[in-house]
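Me: I'm new to this structure and would like a close look at one part of it. Could you pick up the smaller details and tie them to the rest as you go?

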Amino acid sequence: MGRLALVLIVILGFTTGIVTYSINLSKRYTIENVVGFEKYTTARNIAHTGVNLMLHKLDTGDTTFINPLNRGQKLWLVKNVMSGLCSISVKLTNPAALDTVDLTSKSMYGDSTYNMRLRLQRFPKPFPTVGGAVSLAGTPTVFTMNGTPNIDGRDHLMNGSLTGSRATDTVGVAVATAAESVAVSVYNSKIIGDPAKIGVQPIDDPGSYVPEYISGADYTWTGGNISGNFGTAAAPVIGYVHGNVTFAGSGSFYGVLVVDGVIDMQGTYDIYGLVICTGDSNTVQTSAGTPEIHGGIIVTGVGSKFSMKGTADVQYSSQALNMAKYIPKLLAYKIMKWYE
Amino acid sequence: MSIMMDLIGSSILLGTLVLAVLGININMSNERGASATEFHVQTELIQLGRIVEFDLYKIGYDIASNRKIITADSSRIKFKTNLWNIPGKTDSVEYILGNYVAVSTNPRDRVLTRYENTTGVLINYSITRFKLTYYNSRDLLLATPVTGNNLDSIRSIKIYLTLESPDPLGADSSYVAGYYSKLVYPRNL
């Protein structure tokens, strides 16, 4: 009897063990299923984060990426993200056009991987229309040119030479009224334009664009002498002058420069891109040296002045204006293809 | 007399022990069955979720025309894509919630069919809920069926999936269920 009871207990224990093992196995597989799905989802999130990381690199004008990109190179960014690993590559589809970006994002989390391949079109946000090398929308316009400065509305390359086609030329000075045209025409001999030196036409009000430029300014100057280089053709920047500032020496500025105050350009300082004078009583002047502005200038506001002295030059350049449109933080992206 | 008492007592003890063993075994077997069914339902749910996600994230990929979603109803969707990223190829994918399954005990389970181009595959027999809702770029719910130009305004799709076991567990008629829900923003819309 005792032996039978012992055998029964052994059988009971054995059966219980098998069933318990089966239940645990089933639970374990269930948990593995959930964890597997969680890993897949996390891997997807990591790949997506990788895309955002790369776009952030471009948005912030990271020249370690932008410069090689513009040379047509393909770049990789490898990052540990959310306890996983993400590898993202970026390449301009056509480096000359700058407008299409190819990205691949590969992520790994645990034993799960996820791939994304996408093509994005990037384009500048709306940009003020520049009607001439210098566009005057001040009331009243105070415009003077002394010495041997030049305003040239023919389309130039950023190196100062004329473009091959005259189809993109514009007027030297664009004004809003015939009265302003008369005031400017005193300096006809210092103005070149195609088809006319001076054009009477509506001047685009840059007021709606300026707040974004100011809030996103890479450099803000409130006074003093500024020298040195700010931005490059590959990575233009936004500058904001709020006060009386002198740009002197042999430096350069690439991008959009918003002026709410006075800028005086001296030495051989060069500006490439767009200069916008906003607010009231602004002054843009070139008081000495041979400074050059390549691109365009829009002068607005009550009581604003535009004054050139010495041998300064303003050259209209659609190339420089296009460059300024591609300030990384001012670009918008549109998805052309996204495969995942 | 004393021996008889011992025998009777031992028999009672043995009987009790055997009943206890049987009871435990039955309970554990039931639990094992329930665990296996839960595992099965959950596995199906996750696989189905991944299949649906695989497809929906590709809606409109490499499709030039604006009309990327052909049909958008609460239990049916048909769309165009280049599913396997083969240059120049256009595929159509369709999900249709079909009839109730007659052979199962569960009165609510239905068949879900996935069509890739013209090939239809019954991908699940245990669906008790397959619901799709559609939203525009302002995240406003679009009434189903979405038709006409509203099809082009779809920007996101929410999927609701519920699977239940074909047969109840035990005598209490309860079915093992799994639930999946996700809001998908197909990037090519």
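Me: Please take me through chain B, starting with its helix, and then show me how chain B sits against its partner.

Reply: Happy to. Keep in mind that this is a predicted model. The predictor gives the whole complex an ipTM of 0.78 and a pTM of 0.75. For chain B, the mean pLDDT is 89, and 98% of the residues reach 70 or more.

Let's start with the layout. Chain B has one helix and eight strands, and the helix comes at the start of the pattern, which reads α-β-β-β-β-β-β-β-β along the sequence. That helix, H1 of chain B, covers residues 2-56. Confidence in chain B is lowest there, at a mean of 84, while strand S2 (residues 76-81) of chain B has the highest, at 96.

How far apart should the ends of H1(B) be? Its 55 residues, at 1.5 Å a residue, should span 81 Å, and the end C-alpha atoms are 80 Å apart, so the two figures agree.

Now look at which parts of the helix are buried. The buried residues of H1(B) are Ser35(B), Phe39(B), Val41(B), Gln42(B), Leu45(B), Leu48(B), Gly49(B), Val52(B), Asp55(B) and Leu56(B). When you read a list like that, it helps to know that an α-helix has 3.6 residues a turn, so residues three or four places apart point the same way.

Step back to chain B as a whole. Its C-alpha atoms fill a box of roughly 100 × 35 × 30 Å along the principal axes. The radius of gyration of chain B is 26 Å, whereas a compact globule of 189 residues would have one near 16 Å. Of those 189 residues, 24% count as buried. As for contacts in chain B between residues at least 6 apart in sequence, 50% join residues at least 24 apart.

Past the helix, a few loops deserve a stop. Asp62(B) is in the loop between H1 and strand S1 (69-73) of chain B. Its phi is positive, about 65°, although Asp62(B) is not a glycine. Is Asp62(B) buried or exposed? With 22 other C-beta atoms within 10 Å, it is buried, because the cut-off for that is 20 or more.

Further along is Asp139(B), in the loop between strand S5 (119-135) and S6 of chain B. Asp139(B) also isn't a glycine, and it has a positive phi of about 60°. Its surroundings are another matter: Asp139(B) has 9 other C-beta atoms within 10 Å and is exposed.

The next loop, between strand S6 (141-142) and strand S7 (156-164) of chain B, holds Pro145(B). The peptide bond leading into it from Thr144(B) is cis, with omega near -5°. Chain A has a cis bond to set beside it, from Asp194(A) to Pro195(A), with omega near 15°. Pro195(A) is in a loop too, the one between strand S9 (191-192) and strand S10 (198-200) of chain A.

That brings us to the partner. Where chains A and B meet, 25 residues of chain B and 21 residues of chain A take part in the contact. On the side of chain B that touches chain A, 10 residues are nonpolar, eight are polar and seven are charged.

Chain A itself has five helices and 21 strands, and its C-alpha trace spans about 130 × 40 × 35 Å along the principal axes. Chain A has a radius of gyration of 31 Å, against a value near 20 Å for a compact globule of 340 residues. In chain A, 39% of the 340 residues count as buried.

Chain A is divided into domain 1 (43-124) and domain 2 (132-325), and their C-alpha centres lie 36 Å apart. The contact between these domains takes six residues from domain 1 of chain A and four residues from domain 2 of chain A. Helix H2 (residues 63-70) of chain A gives the largest share of the domain 1 side, four residues.

For one spot in chain A, try Leu257(A), in strand S14 (residues 252-259) of chain A. It has 32 C-beta neighbours inside 10 Å and so counts as buried. Leaving aside residues up to four places away in sequence, Leu257(A) touches Gly239(A), Val241(A), Ile271(A), Gly273(A) and Val275(A).

How values were computed:
Residues numbered from 1 in each chain as written. Chains lettered and ligands numbered in written order. Predicted model: local features only at pLDDT ≥ 70, side-chain atom pairs only at ≥ 80, totals over all residues. Domains from an automatic or database assignment. Contact = placed C-beta atoms within 7 Å. Helix = DSSP H or I, 4+ residues; strand = E, 2+ residues; numbered from the N terminus. Nonpolar A, V, L, I, M, F, W, Y, C, P; charged D, E, K, R; others polar. Rg over C-alpha atoms; globule rule 2.2 N^0.38 Å. Buried ≥ 20, exposed ≤ 12 C-beta atoms within 10 Å, placed from the backbone. pLDDT = per-residue confidence, 0-100. Expected span 1.5 Å × (residues − 1).
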